[in-house]
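Work through the exercises below with the sequence and the model open beside you. Try each task before reading its solution.

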Amino acid sequence: MSVAATTSDSPAELDQIRAAVRELCAQFPGEYWRAKDRVRAYPSEFVDALTRSGFLACLIPEEYGGSGLHILQAGAILEEIHRSGCNGGACHAQMYTMGTILKHGSTAQKARWLPKIAAGELRLQAFGVTEPTSGTDTLSLRTAAVRKGDRYIVNGQKVWTSRAEYSDLMLLLARTTSKEQVAKRTDGLSVLVVDMRTAKKKGLTIRPLETMMNHSSTEIFFDDVEVPAENLIGEEGKGFRYILDGMNAERILIAHECIGDARWFIEKASTYAKERSVFGRPIGQNQGIQFPIARAYAATEAAALMVREAAELFDAGKPCGPQANMAKMLASEASWQAAEMCVQTHGGFGFAAEYDVERKFRETRLFQVAPISTNLILSYLGEHVLGLPRSY
Ligand SMILES: Cc1cc2nc3c(=O)[nH]c(=O)nc-3n(C[C@H](O)[C@H](O)[C@H](O)COP(=O)(O)OP(=O)(O)OC[C@H]3O[C@@H](n4cnc5c(N)ncnc54)[C@H](O)[C@@H]3O)c2cc1C
């Protein structure tokens, strides 16, 4: 079944989407991911299959060739990918960067990019926000875009721009007015769509970064890169707000991936604990093994409720900042708890590549740091929800 065949978010239809994703993921078993992980190769076959099935275009409206689904369904797709032992990190950005263009792009921009993205002819997988000197402090980013006639000239550097080598377009956040000249600290940043196919020929350099897991992350250097002014999304100087909008979607979608990972670890550990026999009985008969699995299960189900609430608020167009942040924090902690438990349940075999536990363990660790680290979520809750003094 293709994702386009389903259009509602009733439980039955969400189950249909999940079943279709599982069917696709079954073609990409552990051996596939292990082989990619070993040489840090991009899972092109998996991304192509997801694109062909329409799953990656699920948030693009039908008029532009997508299936016009909601975040709840997009989340179910990513959760199921992770629950099946696969990894959405190779392509999930297409889902969350999409919102910025959908919500703030002009009709002409949508008509220009969205049908091609939906058809798989154009890849929007790169999101350039983080910089080496500013880190989490996004408002201090330095990459500058200066307007010269009908174009912007971009200079600066980004880091951790994932998938840039496997994307045609990048959604870039750059400074168009200096920090000193803006009335509000959140003004002065703008969103540009950079066509990296042309930029690579003139001033844009992409350097891969080696990481703990297979994530195709890069650092990017801009040296007088020209971007047509028609690629500016929305109003100049208002880009931080547009990106913040998209960040709630990103947090909710990543939280779904965490829930998928956690459920994968719990299923894997439960199965192993029933099968592995030591001292003449299954290890799962020991409460020392059984209880951590049950605890991880309880933490995951509790986090999943918050993830669901955040997704429903988002889809209803209601404010969801606290819920999106709590969903991401609780789900990433649940997936890490489950990962840790799964390694311990497997004993020595938790470290053997062929069980996939160590690979998923490395992969799920990321979510407490990116796309936003736990401390920053706690600061947000402290300041903006509980009214405590700003800590930074
Ligand atoms: C594999 C990977 C992929 C990524 N992909 C992308 C991407 O595609 N696009 C993109 O733009 N970015 C991406 N990122 C970047 C990611 O969003 C950042 O790494 C993350 O937001 C943290 O920023 P930082 O690494 O600069 O940490 P820093 O800001 O240097 O912070 C370091 C530590 O200090 C803590 N800290 C900082 N300030 C405070 C404070 N005031 N109070 C308490 N604690 C604080 C942080 O929580 C963190 O634990 C990726 C990162 C990784 C590792």
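**Exercise 1.** In this predicted model, find where Asp224 sits and decide whether Asp224 counts as buried or exposed.

Solution. Step one is the location: Asp224 belongs to strand β7, which covers residues 218-228. Step two is the neighbour count. Asp224 counts as exposed because 11 C-beta neighbours lie inside 10 Å, and the cut-off for exposed is 12 or fewer. Step three is the backbone: phi of Asp224 is positive, about 55 degrees, although Asp224 is not a glycine.

**Exercise 2.** Where is Arg163 placed, and does Arg163 count as buried or exposed?

Solution. Start with the place: Arg163 is in the loop between β3 (151-159) and β4 (169-175). Then take the backbone angle. Phi of Arg163 is near 65 degrees, a positive value in a residue other than glycine. Last comes the count: Arg163 has 24 C-beta neighbours inside 10 Å and therefore counts as buried, the cut-off being 20 or more.

**Exercise 3.** Describe the surroundings of Arg34 in helix α2.

Solution. First, count neighbours: there are 15 C-beta neighbours inside 10 Å, so Arg34 counts as partly exposed. Next, list the contacts, leaving aside neighbours within four places in sequence: Arg34 touches Ala353, Asp356 and Arg359. Finally, compare sequence and space for one of these pairs. Arg34 and Ala353 are 319 residues apart along the chain, and their C-alpha atoms are separated by 7.4 Å.

**Exercise 4.** Describe how helix α4 packs against α8 and against α1.

Solution. Begin with α4 (residues 71-83) and α8 (residues 239-275): the angle is about 35 degrees and the axes are 7 Å apart. The crossing is right-handed. Residues making this contact include Ala74, Leu78 and Ile81 of α4 and Ile252, Leu253 and Trp264 of α8. Sorted by class, the contact has nine nonpolar, four polar and six charged residues.

Now turn to α1 (residues 11-25), which packs with α4 at an angle of about 35 degrees, with axes 9 Å apart. This crossing is right-handed. Among the residues in contact are Leu14, Ile17 and Val21 of α1 and Ala76, Ile77 and Ile81 of α4. The classes here are seven nonpolar, one polar and three charged.

**Exercise 5.** How many residues does the largest nonpolar core have, and which element gives the largest share?

Solution. The core has 115 residues. Its largest share, 18 residues, comes from α8. Those with the most contacts inside the core are Leu192, Ile252, Phe265, Val307, Ala310 and Ala327. Take Ala310 as the example: beyond four places in sequence, Ala310 is in contact with Ile252, Cys320, Gln323, Ala324 and Ala327. As background, nonpolar side chains tend to be buried together in soluble globular proteins.

**Exercise 6.** Describe the contact between domain 1 and domain 2.

Solution. Set the bounds: the domain assignment gives domain 1 (3-123), domain 2 (125-238) and domain 3 (241-385). The C-alpha centres of domain 1 and domain 2 are 24 Å apart. Across the contact, 16 residues of domain 1 meet 16 residues of domain 2. On the domain 1 side, α2 (30-39) and α5 (93-104) each supply at least two residues, and α5 gives the largest share, six residues. By class, this side has six nonpolar, six polar and four charged residues.

Methods:
Residues numbered from 1 in each chain as written. Predicted model: local features only at pLDDT ≥ 70, side-chain atom pairs only at ≥ 80, totals over all residues. Axes fitted to C-alpha atoms, helices over the stretch in contact; angles between N-to-C directions. Helix = DSSP H or I, 4+ residues; strand = E, 2+ residues; numbered from the N terminus. Left-handed = near helix turned anticlockwise from the far one by under 90°. Contact = placed C-beta atoms within 7 Å. Nonpolar A, V, L, I, M, F, W, Y, C, P; charged D, E, K, R; others polar. Domains from an automatic or database assignment. Core = buried A, V, L, I, M, F, W, Y, C linked by C-beta atoms within 7 Å.
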